[in-house]
Amino acid sequence: MALLGCGVVGTEVVRLLRDQADDLAARVGAPLELAGIAVRRPDRVRQGVDPALLTTDAHALVTRDDVDIVIEVIGGIEPARTLLLEAMKSGKSVITANKALLAEDGATLFAAAREYGADLYYEASVAGAIPLLRPLRESLVGDHVHRVLGIVNGTTNYILDQMDTHGAGFNEALQEAQALGYAEADPTADVEGFDAAAKAAILAQLAFHTPVTAADVHREGITEVTSADVAGAKAMDSVVKLLAICERVPSDDGRNGRGVSVRVYPAMIPRSHPLASVREAYNAVFVEAESAGSLMFYGAGAGGAPTASAVLGDLVAVARNLVGGASGPVEVTYARLPVLPMGETVTRYYIQLDVADQAGVLATVAEEFARHGVSIQAVRQVGFGDDAQLVVVTHRAPDAALSATVRGLRGLDIVREVSSVMRVEADE
């Protein structure tokens with residue numbers, strides 16, 4: 001086999017291949033031999049890695065006749081895409097942890113796998129060590145999945161958890177996450193939701209058998225989440241989490257899917273919800289299916305060792321296929337359901353308003369909600385006089401109507417500021 005990339009994850013893959021060589025050979029039915037490792041800087045010291053295996057010629061490595069399997073952990077779009085396509089064209093099976101590539105151009109990889117009869121496995125691309133994609137690809141393939149909901153980014157979960165449990169501000173929690181190695185020096189991909197959006201696209205494509213890319217996912221990060229938002233959630237006995245939500249939206253007759261909704265954003269969930277207890281950098285995902293009911297997957301969602309564990313799981317499966325002359329599952333997107341715009345998504349809002357201390361404020365605010373067809377579930381006043389604030393929680397409504405309501409509230413003379421707006425995700 002060939003390994004592309006030897007950073008944190010790649011080094012762990014090499015270690016596991018070395019330390020578990022006998023067990024892996026027994027499980028596969030044949031020894032697993034690492035033929036070479038493609039890297040950009042071969043002079044860099046890598047603990048436990050034989051320098052004789054290193055090469056800078058990745059193309060030559062993936063097309064070698066003595067290579068049957070290519071493992072890619074370099075990330076990014078190029079050169080990963082070209083190398084994986086060349087590998088499959090050369091008759092190799094492929095294992096990748098590359099969520100960005102799968103979310104942007106997975107269709108090309110899946111088509112190449114079908115054309116060249118190659119296995120394409122990618123469990124490590126979502127939720128680290130948690131076995132999540134294979135159940136969707138195989139165990140639940142005979143079921144009808146309605147919804148996938150979860151926490152799929154450990155960095156943001158750690159930050160929000162620190163804000164909730166220790167009262168930290170966003171910047172303070174981010175700096176702590178960076179010091180612990182949970183967040184990169186440039187945390188943009190995590191805190192702005194790009195990482196979670198890529199994973200949501202992969203999950204939606206598998207769950208609903210329909211093409212979904214990262215560009216189709218409505219994405220909001222956590223950089224605008226304030227201590228006041230977290231305090232507001234606490235007052236509702238709730239907690240703020242960055243959620244990835246993939247839903248099949250039924251048609252009016254309830255028989256077919258009208259489309260799918262795929263979105264990532266911070267939202268309030270009740271502390272009674274199992275996701276509320278997911279602490280620090282852990283991940284957890286719910287899958288709701290027609291026959292199987294509700295399933296929860298929980299565990300370490302990132303890090304070298306957990307991700308390498310998922311890679312090795314795929315490696316054993318692919319190697320067994322090669323030894324037995326079989327092949328793995330091929331992705332099918334027969335449903336081709338449209339991805340619905342965010343404005344059509346039905347959700348709920350938590351809205352906090354700084355309002356003028358005068359008669360008729362509540363009636364005026366309620367009238368603005370009614371004008372957009374949004375029903376109020378609960379309203380309460382916080383403070384008095386110049387410090388008066390109204391907190392409004394809505395019933396479920398189309399996001400477009402809720403957004404229009406917020407715009408209307410900002411235009412009212414009696415509203416000094418719309419100080420907080422956050423979605424609420426839980427059954428009413």
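Where is the place of Ala127? This residue lies in the loop between β6 (120-121) and α6 (133-139), and it is the subject of the first of the close-up views described below, all drawn from a predicted model.

**Figure 1. Ala127 in the loop between β6 and α6.**
Ala127 is not a glycine, yet its phi is positive, at about 65°. Most residues other than glycine have a negative phi. The relative accessible area of Ala127 is 1%, and because buried means under 20%, the residue counts as buried.

**Figure 2. The cis peptide bond between Glu78 and Pro79.**
Glu78 and Pro79 are joined by a peptide bond in the cis form, with omega at about 10°. Most peptide bonds are trans. Pro79 is placed in the loop between β4 (69-72) and α4 (80-89).

**Figure 3. Helix α11 and the residue Asp237 that follows it.**
Helix α11 comprises residues 227-235, and its buried residues are Asp229, Val230, Gly232 and Ala233. These residues cover an arc of only 160° around the axis, which puts them on the same side of α11. After the helix comes Asp237, with a positive phi near 55°. Asp237 has this positive value although it is not a glycine. Its place is in the loop between α11 and β9 (238-250).

**Figure 4. Packing of helix α2 against helix α12.**
The axes of α2 (residues 21-28) and α12 (residues 304-324) come within 9 Å and cross at roughly 45°. The two helices are therefore oblique to each other. The crossing of α2 past α12 is right-handed. On the side of α2, Leu24, Arg27 and Val28 make the contact, and on the side of α12 the residues are Leu312, Val316, Ala319, Arg320 and Val323. By residue class, this contact holds 6 nonpolar, no polar and 2 charged residues.

**Figure 5. Gly303 in the loop that leads to α12.**
Gly303 is found in the loop between β12 (293-300) and α12. Its relative accessibility is 40%, so the residue counts as partly exposed. From C-alpha to C-alpha, Gly303 and Asp216 are 27 Å apart in space, with their positions 87 residues apart in sequence.

**Figure 6. Packing of helix α7 against helix α8.**
Helix α7 (residues 154-165) packs on helix α8 (residues 170-179) at an angle of about 130°, and the axes are 9 Å apart. This angle makes α7 oblique to α8. In passing α8, α7 forms a right-handed crossing. Tyr158, Ile159, Gln162 and Met163 of α7 meet Phe170, Ala173, Leu174, Glu176 and Ala177 of α8. The residues of this contact comprise 7 nonpolar, 1 polar and 1 charged.

**Figure 7. The surroundings of Gly193.**
Gly193 is located in the loop between α9 (188-191) and α10 (194-208). With a relative accessibility of 0%, the residue counts as buried. Apart from neighbours within four places in sequence, the residues in contact with Gly193 are Thr188, Arg219, Gly221 and Val264. Gly193 and Gly221 are 28 residues apart in sequence, and their C-alpha atoms are 4.5 Å apart in space.

**Figure 8. Thr394 in strand β15 and the residues in contact with it.**
Strand β15 spans residues 389-394 and includes Thr394. Thr394 has a relative accessible area of 0% and is buried. When neighbours within four places in sequence are left aside, Thr394 is in contact with Arg348, Tyr349, Phe369, Val374, Ser375, Ile376, Gln377 and Leu402.

**Figure 9. Packing of helix α13 against helix α14.**
Helix α13 (residues 361-371) and helix α14 (residues 399-410) have axes that come within 9 Å and cross at roughly 145°. The crossing of α13 past α14 is right-handed. Val365, Glu368 and Phe369 of α13 meet Thr405, Gly408 and Leu409 of α14. The contact residues divide into 3 nonpolar, 2 polar and 1 charged. Phe369 of α13 is also among the residues in contact with Thr394.

Technical notes. Residues are numbered from 1 along each chain as its sequence is written. This is a predicted model: local features need pLDDT of at least 70, side-chain atom pairs count only at pLDDT 80 or more; totals for chains, interfaces and linings use all residues. Side-chain values use heavy atoms; hydrogens and water are left out. Buried means under 20% relative accessible area, exposed over 50%, partly exposed in between (1.4 Å probe, protein chains only). Helices (H or I, at least four residues) and strands (E, at least two) are DSSP runs, numbered from the N terminus. The arc is that of the directions from the helix axis to the C-beta atoms. Axes are lines fitted to C-alpha atoms, for helices over the stretch in contact, and angles run from 0 to 180 degrees between N-to-C directions. Angles under 35 degrees count as roughly parallel, over 145 as roughly antiparallel, 65 to 115 as roughly perpendicular and the rest as oblique. A crossing is left-handed if the near helix is turned anticlockwise from the far one by less than a right angle, and right-handed if clockwise. Contact means heavy atoms within 4.5 Å. Ala, Val, Leu, Ile, Met, Phe, Trp, Tyr, Cys and Pro count as nonpolar, Asp, Glu, Lys and Arg as charged, and the others, Gly among them, as polar.
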